[in-house]
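Thanks, everyone, for making time this morning. I would like to walk you through one model, taking the annotated positions and then the way the domains meet.

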Amino acid sequence: MARRMILNAFDMNCVTHIVAGTWRHPESQAARYKDLGYWLDLARLLERGLFDGLFIADVLGVYDVYGGGPDAALRSAAQVPVNDPLLVVPAMATVTEHLGFGVTAATSFEHPYSFARRMSTLDHLTDGRVGWNVVTGYLESAARNHGFDAITPHADRYDIADEYTEVLYKLWEGSWDDDAVGADPGRAAYADPAKVHPIDHRGRHFRVPGIHLCEPSPQRTPVLYQAGASDRGKQFGAENAEVVFVGAPTKEALRATVADIRARAESAGRDPYDVKIVNGHVVVTGADEAAARARLDDLRQYVDPEGALALWSGWLGSDLSRFDLDDPVAVTDNEFLKSSVENFGQGQWTLRDFVDAHAIDVEGGFSVGSPRQVADDLQEWVEETDVDGFNVTNAITPGSFVDFVDHVVPELQRRGVHKTSYEEGTLRHKLFGRGPRLPQTHRAARYRRVTEEVGR
């Protein structure tokens, strides 16, 4: 039987997410990111296409590496201005029944106690359709504006993330018993104090003595996404993540990354397929190949080279304004996005490549063609790499998603690799088919106090 793909839409609460400049396209609605109606329309569209989720990226700083300041990013709206990703989710949940929502939040800049409440609130309001994309942050500007002199070293960021998630697991999984609350007629108290437990966490980075502020939500712990592709990031993902997002630019690179993550998960005592792996993928399509090629040519007219280089400078942690167009871009190791430095900053690409080629296809796969050609390509990526699916990245919003839903989704459904209806239940159940809670093999399970109906 054909293997079904996970399909997420990849967006951000800003004007320019990944492809700089296309906000100027006459069809683009990117500048409506601050309009709630934009997000409601997008959620309805994605549910019509039976997407598994909307994956919303985020940063808490500005891309100020290129040219030594934020001017290029501001001119091109390259992830600035940017609004909070969590606040649009409850409204989208009211106009959908099944679509999941993965929201990005960094472990470096918010205390886990308050963050635990925010995510539990979202899990309640969405009836268990929310996930958390665990990131550690990589922008110096974010660190400075949160009171740090510089970004915390990469390895230390993941040490903090290890303890951060431990605190959250204690709050989400262990603080409240399943039957601690109730509003049954005749019940004397809403919450039974004997069944609500302080977590008494005393660690190197955090001290959290008390109870979780929220009663248990449908999933307790939201679905755990993770997007770190460095060696340390992959290890963290193998121990914690349920869905890992990577940006491998070739099938060969993706195959190696997928095998590595699965092996690490198995070493951590987990089923290697308890970690779903999705790769970033840009799709340009139309009714036929000619329409798709014309669409790509049209989009390329709107690419903003300076904006593209502002983004790439931030991802690589190196000011690309110092290179000439045909210079190979060689970047020394740093504390920014180590996976981008490894994949793109070792002299294998020139500045012209970043502007001409990778301004649209960026990190991850790229498909252009008719619905049949795109479907062929996506299936090949799955079959040749063992990846579970894709984060579909838009070149123009919402047009790229409209094209995908109208043209590619029916072809994938015809082949049996994309669902024709949603299963009932929480986001975790839809992804894994075994209920709303984390399985006993997950790291979080050790912090449970009571027997629960969880997956095995």
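**Annotated site and domain contact**

Let me begin with helix α6, which covers residues 154-174 and in which His154 is found. This is a predicted model, so please take what follows as computed from it. His154 counts as buried, because its relative accessibility is 7%, below the 20% cut-off for that term. The same residue appears in the UniProt record, an unreviewed entry, which lists Asp58, Thr104, His154, Tyr158 and Ser230 under "binding site".

Asp58, also from that list, has its place in the loop between β2 (53-57) and α2 (71-76). Leaving aside residues up to four places away in sequence, Asp58 touches Met12, Val82, Asn83, Pro85 and Thr104, and Thr104 is itself one of the positions listed in the record.

Now to the domains. The assignment gives domain 1 as 6-302 + 365-433 and domain 2 as 304-358, with 29 residues from domain 1 and 23 residues from domain 2 taking part in the contact. Between them the two domains bury about 2100 Å², with 66% of that on carbon and sulfur atoms. On the domain 1 side, Val65, Tyr66 and Tyr138 lose the most area to domain 2, together 31% of what that side buries.

As for polar features, how many salt bridges are there between domain 1 and domain 2? The count is 1 salt bridge, alongside 5 residue pairs in polar contact. On the side of domain 1 that touches domain 2, α2 and α6 are the elements giving two or more residues, and α2 supplies the largest share, with 4 residues.

Definitions and conventions:
Residues numbered from 1 in each chain as written. Predicted model: local features only at pLDDT ≥ 70, side-chain atom pairs only at ≥ 80, totals over all residues. Heavy atoms only, no water. UniProt positions renumbered as here; feature names shortened; annotations may be inferred. Contact = heavy atoms within 4.5 Å. Buried < 20%, exposed > 50% of the residue type's maximum accessible area, 1.4 Å probe, protein only. Domains from an automatic or database assignment. Buried area = accessible area lost by both parts, 1.4 Å probe. Salt bridge = Lys/Arg side-chain N within 4 Å of Asp/Glu carboxyl O. Polar contact = N/O pair within 3.5 Å; in protein donor to acceptor, adjacent residues only side chain to side chain.
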